[in-house]
Each structure stands twice: as C-alpha cells, then as structure tokens.
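Here is a short set of exercises to work through with the model open beside you. Try each task before you read its solution.

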Amino acid sequence: MKTKENLRETAYFSIFRVSAFIGIGILFLTLILLFVSGYSVIDFNFLTKNWQHRDITQGGILPAILGSFYLGFGVIAVSFPLGIGTAIFLTEYSKNNLLKRIIKLAIRNLSGVPSIVYGLFGLVIFVNLLSFGTSLLSAILTLSFMTIPWIITASVESFESVPQKFRESSLALGATHWQTTRKIVLPAAITGSITGGIIGIARALGETAPLIMVGATFYLSNLPSSPLDKFMALPYHTFILATQHSSPYANTYAAATALVLITLTFLLSSGAIFLRFHYRRKKDW
Amino acid sequence: MNSNSKALYFSENIPKWIFGFIATFTVAILLGIFVFLLISGLGTFKEIGIKEFLFGTDWNPNAFDTPAWGIFSLVVGTAMISLLALFIVVPFGLSIAIYLSEIASPKTQEILKPLVEMIASIPSVVLGFLGLLFLAPLIAKIFHLSNGLNALTASILVAIAALPTIASICEDALSSVSQRFREASLALGATQWATIKKIVIPAAKSGLIAGIMLGLGRVIGETMIVLMVAGNSRAFPHSLLDAVRPMTANIAIEIKEVVVGSFHWQSLFMIGFILFVITFFINFLADILIHKKSL
C-alpha cells in the first residue's frame, strides 16, 4: 500500500519536473532554431547598412533597428511620465473612494486587452482623428497607451507597498506632503515602477499587430526624418520577410532579423528581472 | 497670506495639480478606448441585425453582389484555437507551477522561474515565424496534409505564448498558501503528493483559476501567431485540421484595405469591440478571484 503510493508520488513528481524542463527547453529551442536559421547572414553589413528591397542580400536592417529604437525611446518618453504620474496621483493624492477603486480596477483589466484592439484605437484616434497619419508618432502613442496600464498597475503596487509608517514618520518630523512623497515614497517605490516599465517596453517592442495598422512599412529607403514619417521596425520586418517576400533568402533574413529583435527584448527583460531581484534583496520592510 | 505661506501653498499644490492633470488625462484616454471602439463599430447594427452579425456563418465583405457579414465562423475559429490551446497549456503550466512552488529547491526555483517568465519576452511574431518554418511542415507530414497551416498548429504555438502567464500566476497562487498548512498535513502523516493534492491545490484554487483565465485572455487576443499559421480560411471550420481565421487575424488582414468609415471598417471595429469586451471581462473575473483573499 505504502509503496504503491510512494511510486505514484515519484511518478507525478517526475512528470512535474520534466514539464518544467520542457518549458525551459522551449525557450532555448526557440533561440537555437533562430540562431541556426539566421546566423549565417548576420555580419557587420547586415547590422549597419540600409535596406535594399530588390536584392535583400545586398542590404542591412539598420533602418529597422533604428526604427525599433526610436519606437522604444518614444514609448518610454510618453508612457513612463504618464504611467508613473497617474500612479502617484492614485496612491498619494486621491481619496480612497469607489470611483478610485473602479478606475484602478479598469486600468488593471485593460492590461489584458489584446494589442490588436489598441491598434484599432490608435488607427481611429491618432491616425485619423488627430491626422498624424500612419507614422512613427502614431505608433509611439498607440504602443504607449498599450503599455501605460501595465506601468500604472506595477507602479500602484509598488507605491502601495511602501509602509504607511514611512509617510507618517516623515510628516511627524514636519515634512510637507510633497516633500514626503518626493524624498521618502518615490525613492522607495521607483524601482518597482521602472521594473514594470522595462518589462512593458520589452513587450511593446515585440508587438507587430498594432504596427501593421498604425505606421510600420517595409519599403523604406531612407531613415525617418520626422515623427510624422513612416518607419521600419524589427518585428514588422520579420513578419513581412517571413510571409510576403519572394526572395529565396527571405526566411534566412527573417530569422536573422528575429534574432536581433529577440536579443533586444531578452536584454530588456533580463535587465528588469535582475533589477527586481536586486531590489527585493535590498528592500528591508 | 504672507509670502512664506504663499510659497508653501504653491510648492505643495503645484505637484498635486500636475499629477491630477496627468491622471485625469491618462484615465480619460484609457476609458476613451472603450468609447471610441464602440462609436466606430456601432454603425454595424444600423444595417444588419445583431443576430445576423453574430451568428451568420458567412463572412464575405467584398462579394460583388451580396456581401455577407456573419462573424460566426471567425468566432468559432477563435474558440477552437483557444480551447485546444488551453487543453494543451493548462496541464503543462500547472505542472510547472507545482514543480516550482512545491518540489524544486529554493535555489532551483530562483533560477527557473525567471527563465519560464522569459518565454513571455519571445515576440509572438517570432513564434509564428518558427511555426511556419518548423512546426507547420511537421504537422503536415504527421497528418498527411498539403500544408500545416491549421487550427492545431496555431493552438500549439498559442499555448506556448500563454505558458508563462499560466505557469507564473499559478506558481504565485501555490506559493502564497501558508506553510503551516503543509506542515500540519505532513505532521498528520500525509505524503507530500497527498498534501499537494488535498491541501495546497484546494487552498490555492481561486488563484489557479485566475491564472488559467488570464492565460485564456492571452490566447483569445493573440494575433500574429494565428495570422501567420492558422491558414486564414473564412470557411466554417469542421475539424482541428481545418484552416481557420480567428477574429484577431481577420481584423489584421482586412483593416488596411478598407475605406475609413465605410461599413466594412465599422464592422471590423465591432469585432474589435467584442474582443475588448470578452478579454476585459475575463480579466475582470480573474482579478476578482486574485483579490478575493482566500483563507
């Protein structure tokens, strides 16, 4: 009886362990498959030359890399201040009433709304209503509003985790509300906000569906010179090469582009994970 | 008011006004998403009935004489992929969560959990691309099909995309079960497996369900993978090996070709609005389960 039960336990536990390693295996398999399919064309030219649409072996993906960087910095510039500012108002300034709880709840749940829906929103508001056209600016704003709910949620959680004692001690010592927020609460909570923000940016940079709708293009011979220009981006470039390009080398170049993209998103994510890990160790409340 | 208290008044209130303005602006735009999708899509029902739109099986906006606007085939495509993906990913994700929370040493857990979460950083276009390159040919070979672009292939890849969500949130749920429960159970002579099955999992139930629901939301909204590997056929699907066109893929395919404000445009926004409502509601239920303090 006992042994039978032990045997069952061993069997189940092996299944669980194997599942975990298969999960990790998928991560590494993805990287290996991309590497094997694409490494042969990655060289200095590929990373630094302009795209040649007629003969893709002659050009590089510099415009797509730069486009993704512009996009990333643009999204940071818009979403961090708006997201963190909103979180500060919600946690430090507004009264805890029903309206605030509804707003917090709505924002939390917006983070699960699919990116294609944000793409539709960006298309109607930024591209058409505000006449920004299909452009870098429209894409930055669309991806920013997709990222903002994640940043607000992470920030609110981080600000709320700062013990009330900290605020009370500071106020009791004669500091004003703003001084307390700026010198006590903000330094204690900001790492949490930034971690959430970086993870948000990593996801935003990998997004393709909204870009299809609001601004990325494939045929660009020049770099965008203003925010109202169309632009190239790594995920969209991968998508077009993988599905709509007739060159026999298209898949190899798609894999190489994807490899550059995944390197970027993995660097950002592992940076955020490292930051979070470090910060939790240091946190002493 | 003397100049000192005036300065204090401004230095205290200006930040408050600024943050108040930022918060109002941001919240207004975020709530505007709902409003604008609804306004842009509502025109759909001026010309066709809700029932015809939701349950018509024929989606053919560009037909020359009688265009058809039924999204049921698209909805079934989304449902097939979602259910099959959940069927694959739920046991898989739960197993990983149980291993990380209950069996792995703290050190192993500390290394493996971030790695599982890293799967979330694989852009879905990359999964779709690898699916086109490797999985679809494999599926075609196994089932003797002319190509492997179908609901099954899409489900497998979408399951991978949802894996980190489910594994990570379920792990959080299991880890947050008080250690005393486990100790009490073990002290009464229960095996570790019996403790997990009879004590830990029931105690973490609402968190586990929430994790699965968030995974479902992720699966329903996935666009690039299904766009690339589900086959894009508008025909009503009858088997898991049929090519399907889920709602998300349909929007992505058609939105660039339609005239702004046309009836076709409005109907695509209506599909987007339906996706918004479904995913928002699923998240809402999961949110309630997570914030309900069980035990």
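Two residues are in contact if their C-beta atoms, placed from the backbone, lie within 7 Å. Keep in mind that this is a predicted model.

**Exercise 1. Describe the build of the two chains: which elements does each contain, and what are the spans along the principal axes?**

Solution. Start with chain A, which has 11 helices and zero strands. Reading along the sequence therefore gives the pattern α-α-α-α-α-α-α-α-α-α-α. The C-alpha trace of chain A spans about 70 × 70 × 35 Å along its principal axes.

Now take chain B, with 13 helices and two strands. The radius of gyration of chain B is 24 Å, well over the 19 Å that the globule rule gives for 295 residues, so chain B is more spread out than a compact globule. Its C-alpha trace spans about 75 × 70 × 35 Å along the principal axes.

Finish with burial and contact range. In chain A, 47% of the 285 residues count as buried; in chain B, buried residues make up 47% of 295. For contacts between residues at least 6 apart in sequence, 74% of those in chain A join residues at least 24 apart, and the figure for chain B is 71%.

**Exercise 2. Find how each chain is divided into domains, and work out what kinds of residues domain 1 brings to the contact with domain 2.**

Solution. In chain A, domain 1 covers 2-41 and domain 2 covers 44-282. Their centres, taken over C-alpha atoms, are separated by 31 Å. Six residues of domain 1 of chain A are in contact with nine residues of domain 2 of chain A. On the domain 1 side, these are three nonpolar, three polar and no charged residues.

In chain B, the division is into domain 1 (3-42) and domain 2 (74-291). Here 35 Å separate the two centres, again over C-alpha atoms. The contact takes five residues from domain 1 of chain B and six residues from domain 2 of chain B. The side of domain 1 of chain B holds three nonpolar, two polar and no charged residues.

**Exercise 3. Follow helix α1 of chain B: how far does α1(B) reach, where is its kink, and what do its buried residues pack against?**

Solution. First, the length: α1(B) has 40 residues and reaches 56 Å from its first C-alpha to its last, close to the 58 Å expected at 1.5 Å a residue. Second, the bend: a kink of about 30 degrees in α1(B) is centred on G32(B).

Third, the buried positions. These are F19(B), A23(B), T26(B), V27(B), L30(B), I33(B), L37(B), S40(B) and G41(B). The buried residues of α1(B) pack against elements of both chains: α3 (62-93), α4 (98-110), α5 and α6 of chain A, together with α2 (44-47) and α13 (263-291) of chain B.

Last, put the helix into the interface. In total, 68 residues of chain B are in contact with 70 residues of chain A. Helix α1 (residues 3-42) of chain B gives the largest share of the chain B side, 17 residues. By class, that side of chain B has 49 nonpolar, 15 polar and four charged residues.

**Exercise 4. Locate S131(A) and H144(B) and decide for each: buried or exposed?**

Solution. Begin with a rule of thumb: most residues other than glycine have a negative phi. S131(A) has a positive phi, near 55 degrees, and lies in the loop between α5 (115-129) and α6 (136-160) of chain A. S131(A) counts as exposed because it has 10 C-beta neighbours inside 10 Å, and the cut-off for exposed is 12 or fewer.

H144(B) also has a positive phi, of about 55 degrees, although it is not a glycine. Its place is the loop between α6 (124-142) and α7 (151-175) of chain B. With 6 other C-beta atoms within 10 Å, H144(B) is exposed.

**Exercise 5. Classify A255(A) as buried or exposed, and list what A255(A) touches.**

Solution. A255(A) is found in helix α11 (residues 250-282) of chain A. It has 26 C-beta neighbours inside 10 Å, so A255(A) counts as buried. Leaving out residues up to four places away in sequence, A255(A) touches L34(A), S37(A) and G38(A). To close, check a distance: the C-alpha atoms of A255(A) and T238(A), 17 residues apart along the chain, are separated by 7.4 Å.

Technical notes
Residues are numbered from 1 along each chain as its sequence is written. Chains are lettered from A and ligands numbered from 1 in the order in which they are written. This is a predicted model: local features need pLDDT of at least 70, side-chain atom pairs count only at pLDDT 80 or more; totals for chains, interfaces and linings use all residues. Helices (H or I, at least four residues) and strands (E, at least two) are DSSP runs, numbered from the N terminus. Ala, Val, Leu, Ile, Met, Phe, Trp, Tyr, Cys and Pro count as nonpolar, Asp, Glu, Lys and Arg as charged, and the others, Gly among them, as polar. Domain bounds come from an automatic or database domain assignment. A residue is buried if 20 or more other C-beta atoms lie within 10 Å of its own, exposed if 12 or fewer, and partly exposed in between; C-beta atoms are placed from the backbone. The expected span of a helix is 1.5 Å times one less than its number of residues. The bend at a residue is the angle between axes fitted to the seven residues ending there and the seven starting there. The radius of gyration is taken over C-alpha atoms; the globule rule is 2.2 Å times the number of residues to the power 0.38.
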